[in-house]
Amino acid sequence: MSGNRRSTWLLAAAALLSGGLLLAPVAVAAPVADPVLGLPFATGQQTYSAGVHSDNGQSGVKNAIDFSPSDGIARSAAAGTVRMQSCSGGDWVTVDHSDGWRTGYYHLEDIQVQDGQEVAAGTPLGRTGNALPCGGSSSGAHVHFTLWQLNAAPSTAADWSGLSYEEVSTRVAAEVGVPVDGKVFGAWRIRAGAQQYSGRAERVSDGFSVTLPGRFRV
Ligand SMILES: [Zn+2]
């Protein structure tokens, strides 16, 4: 194949791949690798999960999943730095990990960490509860566990203190919330369902699947 014919072929292939339009090259940021995260509680016990949902449980990116582990202790899903978010009704815990990843832990009572504290994977953060420091609702003690990628929108302030739960779960979630669908937490891959508060937990090792809401041993 001559150089010209090769060039023509490549252009044709590019045209096909781009839906018939020849697009100018654009700079594409390298995709951020999935975070290495555990579940936000200790293994070796049963947990109930109310399933995958959006942060406000109604609309938007489904970046949240609820867990009620038997021992009632929420733990950091990975090593990182505690960023406490404070409202007039109290505090809630976020932990910042490498590469811009942040995990959130809402509804905790008896919070055991402080802002700026370095934590390891599995460090106890507090007791699963029904706390509503910035608003929202809760029925039954659990941790509302959320996933965020702060690098996705560098202009979004990382300090969410004083923001209502409504604002975090709508504006902030739209900017930096990350779907938990397909993400792996410890030995389990989480799948979102079509509805709010649904989905599955799939054990990575053998594909064993638990329909959510549901109770399972981790
Ligand atoms: Zn929730």
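User: What share of the chain's residues is buried here?

Analyst: Keep in mind that this is a predicted model. To call a residue buried, you count the other C-beta atoms around its own: 20 or more within 10 Å will do. By that count, buried residues make up 35% of the 218 residues in the chain.

User: And which helices and strands should I look for, or rather, how many of each?

Analyst: You'll find two helices and 14 strands in the chain.

User: Okay, let's take helix H2. Which of its residues are buried?

Analyst: H2 covers residues 165-176, and its buried residues are Tyr165, Val168, Ser169, Ala173 and Val176. Now look down the helix axis: those buried residues line one face of H2, because they fall within an arc of 95 degrees. Part of what covers them is strand S9, residues 143-149.

User: Now a single residue. Why does Val95 count as buried?

Analyst: Just do the count again: Val95 has 27 other C-beta atoms within 10 Å, so it is buried. You can find Val95 in strand S5, which spans residues 90-96.

User: Which residues is Val95 in contact with, leaving aside its neighbours within four places in sequence?

Analyst: Here you look past the sequence neighbours and ask who sits beside the residue in space. For Val95, the contacts are Ser76, Gly80, Thr81, Val82, Arg102, Thr103 and Val119.

User: What about the chain as a whole: how much of its contacts comes from residues 24 or more positions apart?

Analyst: Take the contacts with a separation of 6 or more; residues 24 or more positions apart account for 63% of them.

How values were computed: Residues are numbered from 1 along each chain as its sequence is written. This is a predicted model: local features need pLDDT of at least 70, side-chain atom pairs count only at pLDDT 80 or more; totals for chains, interfaces and linings use all residues. Helices (H or I, at least four residues) and strands (E, at least two) are DSSP runs, numbered from the N terminus. A residue is buried if 20 or more other C-beta atoms lie within 10 Å of its own, exposed if 12 or fewer, and partly exposed in between; C-beta atoms are placed from the backbone. Two residues are in contact if their C-beta atoms, placed from the backbone, lie within 7 Å. The arc is that of the directions from the helix axis to the C-beta atoms.
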